[in-house]
Amino acid sequence: MARRQARVGYGIPTLLAVGLHVLVLLVSVISLPTREHEPSPSSIVQATLVSTETVTDQAQRAEEARQRALARQAAEEAAAQEEQRQAAEEAATQEAQRQSDQAAEEQAREAARQAAEAEAVRRAEEAEAETRRLQQQRDAEAEAQREREAEAQRHREEEAAQQREAEEQARREREAEEQRQREAEEQARREREAEEQRRREEEAARQREAEEQRQREAEEQARREREAEEQAQREREAEEQRRREEEAARQREAEEQARLAREQAEAEMQRLIEGADERVANAQQGQQAANDFIALVRRAVEQAWRIPPNVSSGATAEISVRLGPSGELFVAEISRSSGDSAFDRSAVQAVEAAAPFAELRQLPAGVQRDYRQFNLRFRPGDVR
């Protein structure tokens, strides 16, 4: 910007100076012929005073005047040429200065352009280096992500293997438990058959016929209940499959505790039965055994019950329970809701986890039918 302003400042004076010199030259050229025709004062005076001079003298003086005029004109032309030369030199100097300034400006622009190009190259190299660094960082992060995913996959496979092993162990335990139950049921069946044989020998034909009729009705009812239970079982299995997928860990713990509860209940029931052989003969003793059975059921359900968090202390749910002849669970449904679906569901799951109740078959035959259906009331803290 400063150089452009300097060039403008030199150009205007230069033009003015050249114009002034041209004007002086024109004025000089125009004024010179006029001076040649004007008689000099000295000539006029001489012509007036000396009228007797010869023509030759006059011509000589005219020639001298003309020479002096030519000399003066030459001097003026030389001065004008000197001024023009000086103006040309000054213009040339100014032009050289302008060209020098322009060259300096061009050099400055070229230097600035080269600096800008160098800066652009430097920034491009820095950007490329940053891009390589970011790419390396992304590659490292991707590699770390792949390693984490591989580690997570390995953990999932290990957990799946552990889960399969736990399920296999639970299956073996269930099979062993079922085998023990079958053996207990077989033993109880043999004992009941012996007791029934003794009663048949003691009872009259009418009682035998009435018992057989009741037995047929019970078998028919059991058949109908089994059919209904099979349908309900299929529905429960579908629901149970979904629930097992959602609560596998909790269910395994509940099954384990239910197994312990059943073992304790069986042991306690066996102890009570062994100590109450003589009491079974009368109704009062049968009622006591039935009460013991209900108490065992409650304890088994309480041990299998997992109360959900944040349950109101006043919540109460009543579950209707219906059992099969061998104590297997036919139906466990909510007869009165607490208003809390999680609480209601936990009560139903506790009954399902504690079942089957094989101790039912150890009750007298006349009492069994009365206790194949009963209600359990669930409150936070106890089961009644």
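**Exercise 1.** In which sense do strand β3 and β4 pair, and over how many bridges?

*Solution.* In this predicted model, strand β3, which covers residues 373-379, pairs with β4 in the antiparallel sense, and the pairing runs over two bridges. At the level of residues, arginine 379 stands opposite aspartate 382 in β4.

**Exercise 2.** Establish the order of the strands in the open sheet, and then work out which strands stand at the edges.

*Solution.* The open sheet has four strands in the order β2-β1-β3-β4, and the pairing is antiparallel. Reading this order from its two ends gives β2 (329-336) and β4 (382-383) as the edge strands; each has a single partner strand, so one side of each is left without a neighbour in the sheet. As a further step, one can ask what packs on the sheet: helix α4, residues 205-246, does so by touching β1 (317-323) and β2, and its direction makes about 75° with that of β2.

**Exercise 3.** Locate the cis peptide bond that leads from alanine 355 into proline 356.

*Solution.* The bond from alanine 355 to proline 356 has omega near 0° and is therefore cis. Proline 356 itself belongs to the loop that lies between α7 (341-354) and α8 (365-368).

**Exercise 4.** Describe the backbone of asparagine 310, and decide whether this residue is buried or exposed.

*Solution.* Asparagine 310 has phi near 60°, which is a positive value in a residue other than glycine. Its place is in the loop between α6 (283-304) and β1. The relative accessible area of asparagine 310 is 80%, and because exposed residues are those over 50%, asparagine 310 counts as exposed.

Methods
Residues numbered from 1 in each chain as written. Predicted model: local features only at pLDDT ≥ 70, side-chain atom pairs only at ≥ 80, totals over all residues. Heavy atoms only, no water. Pairing = 2+ DSSP bridges. Contact = heavy atoms within 4.5 Å. Axes fitted to C-alpha atoms, helices over the stretch in contact; angles between N-to-C directions. Buried < 20%, exposed > 50% of the residue type's maximum accessible area, 1.4 Å probe, protein only.
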